[in-house]
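Visitor: I have a model to look at and some labels to check. Can you take me through the reasoning behind them?

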Amino acid sequence: MSLSIMPDPSGTLQEVEVMKKKNYDGFVLVLACALIFATLCSCAVPAAAKEIVPDGNYPIWINESGDYNLKGNILTGDVTSGEWAVIINAPDVVLDGGEYIIDGRGPEGSGIENGIWVQGRSDAHLNNVTLRNVTISGFYRNIMYTYADGGAIEDCRVMMSSYSGPYLYHSKNIVITGNNITDNFIGLDLYYSDSNTIYNNIFRDNTKGDLMNAGESNTWNVTGRSGPNIIGGPSIGGNYWARYTGATDSDRDGFCDDPYEVYNDDEGVVFYDMLPLFFTIEPPVPPTTEPTTEPTTEPTRTSSGGDGDDWAGFTSARGSIPAGGWANFTFSNGPITRINLLVTSSVSGALIQITPNNLPPDADAPGDGAVFGVYEISLKYVDNPGECWIYFEIPESWLAANGLNPGDIVLKYYDDGEWKDLPTELLRIEGGKVYFRAQASGFPYFAITETKGGAVTPTPVVTYASAEAEAENTTVTETETEVETTGTVEETTTATTAPDAAETTAPQPSPISCLAAAAAFALVVLVMRRD
C-alpha cells in the first residue's frame, strides 16, 4: 500500500517552515552581533602598561612589544660587573622612566658599563622604540640605538656619560626632542645615522663637543611654532646650544638672529641649526596699583650662552645615600654651583633639578631691589631632608653695574606667601666672581637678590670644612677619559641572546579577534540578504 501526501490547502506546513527559518536566522543574527560586540571591546581596550620593578639583576630584558613603566631606581654602582642595565630587543616598545633614576656610577672596577641598549641587528632592524622621561647618568654609553628605524628619545635627562649621551649607530628616523643632554664627554653621536630629527633639546657642558659623527641628511630644527620650548622661551624650532655665545634676538621671537654652526674638532662645521633657541631671564616686575604713562625699562636680554643669569635648567642625580650622610650635587655654568644635603633616612637615590625663572603665579617680586635670578629647586626621592647648603656665585661686574657691594646679596626663600632672607655667607672674591653659600630651610623657590640689611653671616651648625668633608664622603669621583672612536661598535657591544620574556611581556590584542569580527559582520550581511 502506498502513502500519498496531499497538498495542504491551508498552507500550514509552509508557514511552519518559514517560522523555523526565521527563528534560525534570528539566532544566528543575535550570535553574530554578540560576537562583534565582544570582539570590538577586546580590540578597543589598549593593553595595560607593564611595570618594571628593578630587583638588582641586570640586564633587564624587554623582549616583547608594548608599553613599559619603570617603577624604581636602577642604581648599578654596587654591581660587580656587567655590560648593560636595560636591553630592548623587540619592536614597538615605549619605555617610560617615570622620573626614576638610572645611574651607573660606582667605585672603580664596579658597576654596569652601559645604560640602555635598543638592540637591532644589521639583518633585522628594530622599529619604533621610544624612550620617554628617562633620567640616566654615569655610564660609558648612556643610551645606544643600533640598527633602529623609527621611534623617539623624548623628555629625557642624559648626563655625565664618560663617552656619549645618546649614541645612534646605523639608525634612522629617530626623533630626539625635549632632552637635557648635559655634562657628557660627547653630547650626541650619530655614527652612520641619517634622516633623524633633533630639535628642542639642551646641549650644555659636553667636554669634547656637543656632536660627534654628524651623519647625513639629519634635521636640526622644525618649522617655527608657538611654545613654550624646553628653556621656557616663546617658540619651538631648533635646540639650545650653551656654546653659542654672543647671540642676539632683536625681534624677540625666542630664536637667535643667526643660525648656529655646529662643529667638532674632527670634522669642522658639520651642520646648521637654523632656529637656535635664545635664552634669557626677564626679571620679575613689581606689581603697581595705579596705571602709569611713564616709560618702562626694557628687561635686560642677555646673550644666549653668556654668564650671569643666562642659564638653562640642570639636573644632578646621586645614588645610594646612607642615613646621616651628606650628598653633594654639582651643577655647571650657572650661578648655583653646588648643593650639599644632609639625608636623615637612607635612600636608594636622589635627584635635584633646578629651573630658572620659575615661580608660583601668585608670588610677588622678591623685594624692590636688584634681582640676579629666581629659581625653582626640586628635590625628589628624599623625605624629610636635613640641613641644606646652597652655593652660588655672582660676577663682580653685575654687582658694579647695580651699584652693590658683595655684602648686599642674600638668598631668599619663598614661604607662606612671602619672601624670607636666608642666612647667607660671603665665602671669597676670586677671578672676577663673588662666592656665597646660604643655609636653606625648605624647597622649592629661591631668589638671588639685593638685601637692604646686607648679607647675614651665621654660625653654621657644621663648619664649611666639615660640610665639605661630609660631602666628599658620599660623592663619587668622576673621571673624564679620552676615548678613541674607531667607528666599530662590535668591539664593545657584542650581541647578546635574550632569555625568555615571560615576566616582562605586556599583553596585546590578538589579530585573530579582529578577523573574527570581520567574519561575524559578513555573516550578518548574508543573513540580511537572505531575508
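Visitor: In which sense do strand 27 and strand 28 pair, and over how many bridges?

Guide: This is a predicted model. In it, strand 27 (residues 325-330) and strand 28 run antiparallel, with 6 bridges. Two strands pair if there are at least two bridges between them, so 6 bridges qualify. N328 stands opposite N340 of strand 28.

Visitor: What makes strand 28 and strand 31 a pair?

Guide: They share 5 bridges, in the antiparallel sense. At least two are needed, so strand 28 and strand 31 (residues 388-395) count as paired. One contact to look up: L341 has C388 of strand 31 as its bridge partner.

Visitor: Why is strand 28 called largely enclosed?

Guide: Strand 28 covers residues 336-343, and 7 of its 8 residues are buried. The rest of the structure therefore largely encloses it.

Visitor: On to the rings. How many aromatic pairs are found in the whole structure?

Guide: The search finds 17. A pair of aromatic rings is described by the distance of the centres and the angle of the planes.

Visitor: Why is the pair of W241 and F271 called tilted?

Guide: The ring centres are 6.0 Å apart, and the limit for a pair is 6.5 Å, so W241 and F271 pair. The planes stand at 55°. That is neither under 30 degrees nor over 60, so the pair is tilted. W241 lies in strand 23 (residues 240-241) and F271 in strand 25 (residues 268-273). They are 30 residues apart, and the pair links distant parts of the chain. Both W241 and F271 are buried.

Visitor: And what makes Y244 and Y260 a stacked pair?

Guide: The centres of Y244 and Y260 are 4.9 Å apart, within the 6.5 Å limit. Their planes are at 25°, under 30 degrees, so the pair is stacked. Y244 is in the loop between strand 23 and strand 24 (260-264), while Y260 is in strand 24. The two are 16 residues apart.

Visitor: How do you know whether Y244 and Y260 are buried or exposed?

Guide: Buried means under 20% relative accessible area. Y244 has 13%, so Y244 is buried. Y260 has 9%, so Y260 is buried too.

Visitor: Which residues join Y147 in its aromatic cluster?

Guide: Y140, Y163, Y167, Y169, Y191 and Y192 form one cluster with Y147. Y147 sits in the loop between strand 11 (141-146) and strand 12 (148-154). Its relative accessible area is 16%, under the 20% cut-off, so Y147 is buried. Phi of Y147 is near 50°, a positive value in a residue other than glycine.

Visitor: Where is D205, and what is its phi?

Guide: D205 is in the loop between strand 19 (202-204) and strand 20 (209-212). Its phi is near 55°, again positive in a residue other than glycine.

Visitor: Which ring faces have R338 and R428 over them?

Guide: R338 lies over the face of Y391, 3.9 Å from the ring centre. R428 lies over the face of Y435, at 4.0 Å.

Visitor: Which peptide bond into P59 is cis, and what is its omega?

Guide: The bond joining Y58 and P59 is cis, with omega about 5°. P59 is in the loop between strand 1 (50-52) and strand 2 (60-62). The bond from G227 to P228 is cis as well, with omega near 15°. P228 lies in the loop between strand 21 (225-226) and strand 22 (235-236).

Note on methods. Residues numbered from 1 in each chain as written. Predicted model: local features only at pLDDT ≥ 70, side-chain atom pairs only at ≥ 80, totals over all residues. Heavy atoms only, no water. Helix = DSSP H or I, 4+ residues; strand = E, 2+ residues; numbered from the N terminus. Buried < 20%, exposed > 50% of the residue type's maximum accessible area, 1.4 Å probe, protein only. Lys NZ or Arg CZ within 6 Å of the ring centre and 35° of its normal.
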